[in-house]
Amino acid sequence: MTKYTIVVIEDEPDIIEVISYNLKREGFQVVKAERGDEGLNQVRKKSPALVILDLMLPGMDGLSVCQQIKSDPLTQDIPIIIVSAKGEESDVVIGLGLGADDYLAKPFSPRELLARVKAVLRRGAVMHDKDKERILIKKLSIDAMRHEVKISEELIDLTATEFKILYQIARQPGRAFTREQLLNRVIGEGVIVIDRNIDVHIRSIRKKLNGYGDMIQTIRGVGYRFSDG
């Protein structure tokens with residue numbers, strides 16, 4: 001079994017020890033850093049499978065670390081989970097916009113942390129499969145080639161924009177998307193659209209998918225994710 005290396009960048013000693021202990025118990029190799037600049041150096045040196053990143057850090061703040069990782073071709077594909085305190089929602093949105101894959105609000109349980117870590121690593125493995133053109137979730141089928149959504153073989157009538165939004169979030173279950181990210185990926189960058197328009201589309205998609213609509217989860221103050229559970 002491959003041992004994944006995870007870099008944990010967190011300046012609170014108690015939190016970094018709890019995170020490290022639980023990751024090691026699950027068989028992960030852990031590299032710890034209590035400063036942003038030190039953590040960035042470890043990411044460049046170790047090329048880890050995942051980075052767990054606090055936002056409020058000495059040396060270099062978490063958003064700057066995230067930006068540096070995602071702007072470097074050698075590290076840009078490394079997934080990042082942001083950990084944040086309440087009241088930092090705006091920074092979380094910025095971090096996700098910079099390319100972070102998920103976030104956890106403090107305080108969080110070890111079980112929740114491990115679930116997110118495994119989901120992000122699993123999602124990364126799936127995204128390397130370039131042939132994933134059809135998504136199957138129980139009786140829900142999302143076919144990118146045919147541009148069709150079916151439930152129990154019954155065709156669901158989605159608009160082109162609704163299909164793009166659903167496919168975008170369903171192909172990366174568990175990943176948090178900001179409204180701006182969805183707008184840019186579905187409509188295109190540079191087009192002036194009110195980001196709350198996404199909310200209207202999401203409501204319509206949920207209604208059309210009936211029970212499966214509950215798999216589209218609202219992340220308060222951030223955006224949306226498709227359930228990976």
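**Salt bridges around K106**

Modeller: Quick starter on this predicted model: D54 and K106 are both buried.

Colleague: Which residue forms a salt bridge with K106 at 3.3 Å between the closest N and O atoms?

Modeller: Look in strand β3, residues 50–54, since the pair links distant parts of the chain, with K106 sitting in the loop between β5 and α5. The two partners are 52 residues apart. The one you want is D54.

Colleague: And how far apart in sequence are the parts tied together by K106 and E12?

Modeller: Those two side chains meet in a salt bridge, 3.4 Å from N to O. K106 lies in the loop between β5 (102–105) and α5 (110–127), while E12 is in the loop between β1 (5–9) and α1 (13–25), so the parts that the pair ties together are apart by 94 residues.

Colleague: Is E12 buried, partly exposed or exposed?

Modeller: K106, its partner, has a relative accessible area of 13%, so K106 is buried. Buried needs a value under 20% and exposed one over 50%. E12 comes in at 38%, so E12 counts as partly exposed.

Colleague: What about E148 and K150, how many Å apart are their closest N and O atoms?

Modeller: E148 has a relative accessible area of 24%, so E148 is partly exposed. K150 is partly exposed too, at 24%. They form a salt bridge, and the cut-off is 4 Å; the closest N and O atoms are apart by 3.9 Å.

Colleague: Which residues do salt bridges with shared partners join into one network?

Modeller: K106 forms a salt bridge with D54, and K106 also meets E12 in one. The full network is E10, E12, D54 and K106.

Conventions. Residues numbered from 1 in each chain as written. Predicted model: local features only at pLDDT ≥ 70, side-chain atom pairs only at ≥ 80, totals over all residues. Heavy atoms only, no water. Helix = DSSP H or I, 4+ residues; strand = E, 2+ residues; numbered from the N terminus. Buried < 20%, exposed > 50% of the residue type's maximum accessible area, 1.4 Å probe, protein only.
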